Amino acid sequence: MPDHEKDAYPEPPRQTPAPDKQTALPNPALILSKLFYYSVDLPVTTFREAVDSIRGRNKFVYYHQKFRRVPYLTECQEGDYVCYYEAEMQWRRDYKVDQEIVKVVQERMRACQQREGSSYLQNCAEEMKQFNDVTKNYQSRYGDLGAYASARKCLMKQKERMAAQAETA
């Protein structure tokens, strides 16, 4: 005797039945979706693809922007405020680049220390020397400038450092 009753679980139909149309009127949702597609979506998409194809030829990557070197603050004529501004912006870019250089060298040194473990003093001597040189140069140029550092303050610090070296020599 079989364990199950075949009539209790009939097999599902093989094909999904077609929906019965109750009315001859067209579906308003279908009309609105087609209207939106042809009046808004298609023109916008076509325009966007045209713009992207034009921009694809002239690829501009924002993070590789190249700035021309501008004169330093010492090379600006007196009263040339545009030159002062350009020199200040150049100094700020140089300052950020120098900060990133210090970070990269520090990451290399830390990676070497992590990799070498307890013997890092002898195996990472080159990285440590490079890090010490970079931080010493960074500190001599930008150290003690404070939160409101500027090209003018940095220039004055450099002038004072050169005067102190001239006195000791």
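At 8% relative accessibility, Ala151 counts as buried, where buried denotes under 20% relative accessible area, exposed over 50% and partly exposed the range in between (1.4 Å probe, protein chains only). The residue belongs to helix α5; helices (H or I, at least four residues) and strands (E, at least two) are DSSP runs, numbered from the N terminus. This is a predicted model, in which local features need pLDDT of at least 70 and side-chain atom pairs count only at pLDDT 80 or more, whereas totals for chains, interfaces and linings use all residues. Residues are numbered from 1 along each chain as its sequence is written, and side-chain values use heavy atoms, with hydrogens and water left out.

Beyond its neighbours within four places in sequence, Ala151 is in contact (heavy atoms within 4.5 Å) with Leu73, Ala87, Glu88 and Trp91. The C-alpha atoms of Ala151 and Leu73 are separated by 7.2 Å, although the two residues lie 78 residues apart along the chain.

**Overall organisation**

The protein chain contains five helices and zero strands, giving the pattern α-α-α-α-α along the sequence. Of its 169 residues, 14% are buried. Among contacts between residues at least 6 apart in sequence, 44% join residues at least 24 apart.

**The contact of α4 with α5**

Helix α4 (residues 125-142) and helix α5 (residues 151-168) have axes that come within 8 Å and cross at roughly 105°. Axes are lines fitted to C-alpha atoms, for helices over the stretch in contact, and angles run from 0 to 180 degrees between N-to-C directions. That crossing makes α4 roughly perpendicular to α5, since angles under 35 degrees count as roughly parallel, over 145 as roughly antiparallel, 65 to 115 as roughly perpendicular and the rest as oblique.

On the α4 side, Gln139, Ser140, Arg141 and Tyr142 meet Cys154, Lys157 and Arg161 of α5. The residues of this contact divide into two nonpolar, two polar and three charged; Ala, Val, Leu, Ile, Met, Phe, Trp, Tyr, Cys and Pro count as nonpolar, Asp, Glu, Lys and Arg as charged, and the others, Gly among them, as polar.

Lys157, in helix α5, is buried yet has no salt bridge. A salt bridge is a side-chain nitrogen of Lys or Arg within 4 Å of a carboxyl oxygen of Asp or Glu. The nearest side chain of opposite charge to Lys157 is that of Asp144, 4.7 Å away; Lys and Arg count as positive and Asp and Glu as negative, while His and the chain ends are not counted. Leaving aside neighbours within four places in sequence, the contacts of Lys157 include Tyr142, Gly143, Asp144 and Leu145.

**Salt bridges**

Side chains of opposite charge can pair when their charged atoms come close. The whole structure holds eight salt bridges, including the following.

| Pair | Closest N to O distance |
|---|---|
| Asp52 and Arg48 | 3.2 Å |
| Arg141 and Asp98 | 3.6 Å |
| Glu100 and Lys103 | 3.5 Å |

The Arg141 and Asp98 pair links distant parts of the chain, with Arg141 in helix α4 and Asp98 in helix α2 (residues 81-116), 43 residues apart. Arg141 is partly exposed, its relative accessible area being 31%.

Asp52 and Arg48 are four residues apart in helix α1 (residues 28-57) and are therefore separated by about one helical turn. Asp52 is partly exposed at a relative accessible area of 35%. In helix α2, Glu100 and Lys103 lie three residues apart, about one turn of the helix. Glu100 is partly exposed at 43% relative accessibility, and Lys103 is partly exposed with a relative accessible area of 45%.
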